[in-house]
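Colleague: Before I rely on the labels attached to this structure, I should like to hear the grounds for each of them. Please set every value against its criterion.

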Amino acid sequence: MKILLFLLFFAGFANAQKACGFKDGLQEGNCLFYYESGQLQWNQNWKKGKLEGDYLAYFENGKLKAKGTYEKDKKVGEWIYFDETGAKTGMEKYVGWKKNVYRDDGEITYYKNGKINIKGKFMNGVAEGERFFYKEDGTLDRTEIYKDGKVISTK
């Protein structure tokens, strides 16, 4: 009887650690991935082998690390990032994709006090256009203009 209870408990635990299912050889459904400690690391949704839907990432202490949405394996909409204490550290807003190049309509990073540190735009992960740099008290420090990830002027 004890062995049967142990096997049932172990089977339930192993099943809770199961990432997700597969359909036609492709990842499918809601997938939960865990740290070795048992703490949830990622909560992802998959459709036909591609990330699709809500995405949540966690630090090992259980605090939310990132949240956003995927469509056909590409980030869309607003993504928010946090540090291990739960303070918001950044935000990105994905507004469009052309092939595998995305246009990020805005990225913001924050100081620990919640004030904006840097605000700007990216094209496929490279700084593009105006980027605003703020002091920790929230006042504007400088503005830089970027082209292809390189500073072309500073105000």
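Colleague: Why is Asp 148 called exposed?

Modeller: Asp 148 has a relative accessibility of 56%. Exposed means over 50% relative accessible area, buried under 20%, and partly exposed in between, with a 1.4 Å probe and protein chains only. Asp 148 therefore counts as exposed. I should add that this is a predicted model, in which local features need pLDDT of at least 70 and side-chain atom pairs pLDDT 80 or more, while totals for chains, interfaces and linings use all residues. Residues are numbered from 1 along each chain as its sequence is written, and side-chain values use heavy atoms, without hydrogens and water.

Colleague: Where is Asp 148 found, and what is its phi?

Modeller: Asp 148 belongs to the loop between β12 and β13. Its phi is near 55°, a positive value in a residue other than glycine.

Colleague: What makes β12 and β13 a pair of strands?

Modeller: Strands are DSSP runs of E with at least two residues, helices are runs of H or I with at least four, and both are numbered from the N terminus. Two strands pair if DSSP finds at least two bridges between them. Strand β12 (residues 140–147) and strand β13 (residues 150–154) have four bridges in the antiparallel sense, so the criterion is met. Tyr 146, for instance, has Val 151 in β13 as its bridge partner. The two strands form a hairpin with two residues between them.

Colleague: Which other residue has a positive phi although it is not a glycine, and why is it called exposed?

Modeller: Lys 48 has a positive phi of about 55° and lies in the loop between β3 (40–47) and β4 (50–51). Its relative accessibility is 62%, so Lys 48 counts as exposed.

Colleague: How many aromatic pairs does the structure hold, and why is the pair of Phe 33 and Trp 42 called edge-to-face?

Modeller: There are five aromatic pairs. The centres of Phe 33 and Trp 42 are 5.8 Å apart, with 75° between the planes. Rings of Phe, Tyr and Trp (its six-membered ring) pair if their centres lie within 6.5 Å; planes under 30 degrees apart count as stacked, over 60 as edge-to-face and the rest as tilted. The pair is therefore edge-to-face. Phe 33, at 21%, counts as partly exposed, and so does Trp 42, at 30%.

Colleague: What makes Trp 79 and Tyr 81 a stacked pair?

Modeller: Their centres lie 6.4 Å apart and their planes differ by 25°, so the pair is stacked. Both residues are buried. Ring pairs also link them with Tyr 55 and Tyr 70 into a cluster.

Colleague: How do you know that the charged end of Lys 75 sits over the ring of Trp 79?

Modeller: The criterion requires NZ of Lys or CZ of Arg within 6 Å of the ring centre and within 35 degrees of the ring normal. The charged end of Lys 75 sits over that ring, 4.6 Å from its centre. Arg 142 has its charged end over the ring of Phe 133, 4.1 Å from the centre.

Colleague: Which element has the lowest mean pLDDT?

Modeller: The pLDDT is the predictor's confidence in each residue, from 0 to 100. Helix α1 (residues 2–17) has the lowest mean, 39, and strand β5 (residues 53–58) the highest, 97. Over residues 1–17 the pLDDT is below 50, and beyond near neighbours in sequence this stretch has three contacts (heavy atoms within 4.5 Å).
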